[in-house]
Amino acid sequence: MIKTGSCPSCGAPVEFRWSSSVQTVCEFCRSILVRTDVDLEKVGKVADLPANASPIQIGTEGVYANRPFAVAGRIIYEYSQGNWNEWHLVFNDGTSGWLSDAQLAYDVSFREDGFQLPAAGDLQPGVSLRFGTLQFEVTSVTHARYAGVQGELPFQYWDKTEVPFVDIRALDGHFGTLDYSEDAPLLFLGEAVEFESLKLSNLRSFEGWN
């Protein structure tokens, strides 16, 4: 069910297409809006976004593990070697996932709760971690800063300072990220995927992309 409202900054109509979304960006004035029980609240404004070389866009559709999804939002991060996208996926059963899109490498992951996570300062490449039945090794520790948002997100997220992200991988292809952007770190687990396997449609066309 599409929920609508008016932007408190410019008065333009605002739509939340996904029931799990709590934040969106006004397409007209680029205000960051959070949905409350009563109304929409402006909490910030999106600055100019960095250049994007990805064919994925808001509204792109695809399939993962035989489950159709649509791209509903995006968080952009910048770090010393450039930037990457975290695309918010909404599946046809209403659940959320994430598609990491960095330098033609793609990973699909889902938030996992119930694990005790180590402090970021205790982690470095080569450290072993175990979550459930999966054994991982830390492959990188990246310090990145929030560079902007687009579309709908399942939580409030804007104006973050530079924080560490710890990537972990298992020998069987499973992938994970420990996200230290919140007071309590977050864990996302998933796997590396091939672009073609996602069967993406409604992609962005631009020069240099086939």
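Leaving aside its neighbours within four places in sequence, which residues is phenylalanine 175 in contact with? Before selecting that residue, it helps to look at the chain as a whole, bearing in mind throughout that this is a predicted model.

**The whole chain**

Start with a cartoon view, in which the chain shows 15 strands and 0 helices. If you then reduce the display to the C-alpha trace, its extent along the principal axes is about 50 × 40 × 35 Å. The radius of gyration is 17 Å, which agrees with the value near 17 Å that a compact globule of 210 residues would have. Of the contacts between residues at least 6 apart in sequence, 50% join residues at least 24 apart.

Switch next to a surface view, where the chain exposes about 11200 Å², with carbon and sulfur atoms supplying 47% of that area. Buried residues account for 43% of the 210 residues. If you colour by charge, you will find 15 positive and 28 negative charges, and the mean positions of these two sets lie 5 Å apart.

**Phenylalanine 175**

Now select phenylalanine 175, which sits in strand S14, covering residues 174-179. With a relative accessibility of 4%, this phenylalanine counts as buried. To return to the opening question, its contacts beyond four places in sequence are Asp107, Phe136, Asp167, Ile168, Arg169, Phe188, Leu189, Gly190, Glu191 and Ala192. Showing these residues as sticks around phenylalanine 175 lets you inspect each contact in turn. For a distance across the model, add proline 125, which is 50 residues from phenylalanine 175 in sequence and 14 Å from it in space, C-alpha to C-alpha.

**Glycine 73**

Move on to glycine 73 in strand S7, a strand that runs over residues 67-79. Is glycine 73 buried or exposed? Its relative accessible area is 0%, so glycine 73 is buried. Its partners beyond four places in sequence are Ile58, Glu86, Trp87, His88, Gln150, Gly151, Glu152 and Leu153. One of them, glutamine 150, deserves a separate selection: although glycine 73 and glutamine 150 are 77 residues apart along the chain, their C-alpha atoms are separated by 5.4 Å.

**Serine 20**

Leucine 153, just listed as a partner of glycine 73, is also touched by serine 20. Select serine 20 in the loop between strand S2 (13-16) and strand S3 (23-25), where its relative accessibility of 26% makes it partly exposed. Apart from residues up to four places away in sequence, serine 20 touches Gly94, Ser96, Leu153 and Pro154. A distance drawn from the C-alpha of serine 20 to that of proline 55, which is 35 residues away along the chain, comes to 25 Å.

**The cysteines**

Next, show the cysteine side chains and ask how many disulfides there are. The count comes to 0 disulfides. For cysteine 10, the closest cysteine sulfur is that of cysteine 29 at 3.7 Å, and this is too far for a bond, given that a disulfide requires sulfur atoms within 2.5 Å. Cysteine 29 is likewise in no disulfide, and the cysteine sulfur nearest to its own belongs to cysteine 7, 3.7 Å away. As for their surroundings, cysteine 10 is partly exposed at 39% relative accessibility, whereas cysteine 29, with 15%, is buried.

**Loops with a positive phi**

Two loop residues are worth selecting for their backbone angles. Alanine 65 lies in the loop between strand S6 (61-64) and strand S7, and its phi is positive, at about 50°, although this residue is not a glycine. Its relative accessible area of 53% places alanine 65 among the exposed residues.

Glutamine 103 occupies the loop between strand S9 (96-102) and strand S10 (105-112). Here too phi is positive in a residue other than glycine, with a value near 55°, and at 56% relative accessibility glutamine 103 counts as exposed.

**Last stop: alanine 47**

Finish at alanine 47, in the loop between strand S5 (40-45) and S6, which is exposed at 54% relative accessibility. Proline 125, already used as a reference point for phenylalanine 175, serves again here: alanine 47 and proline 125 are 78 residues apart in sequence, and their C-alpha atoms are 33 Å apart in space.

Methods: Residues numbered from 1 in each chain as written. Predicted model: local features only at pLDDT ≥ 70, side-chain atom pairs only at ≥ 80, totals over all residues. Heavy atoms only, no water. Helix = DSSP H or I, 4+ residues; strand = E, 2+ residues; numbered from the N terminus. Rg over C-alpha atoms; globule rule 2.2 N^0.38 Å. Buried < 20%, exposed > 50% of the residue type's maximum accessible area, 1.4 Å probe, protein only. Contact = heavy atoms within 4.5 Å. Areas by Shrake-Rupley, 256 points an atom, 1.4 Å probe, with all protein chains shown as cover. Lys, Arg positive; Asp, Glu negative; His and termini not counted. Charge placed at Lys NZ, Arg CZ, Asp CG, Glu CD.
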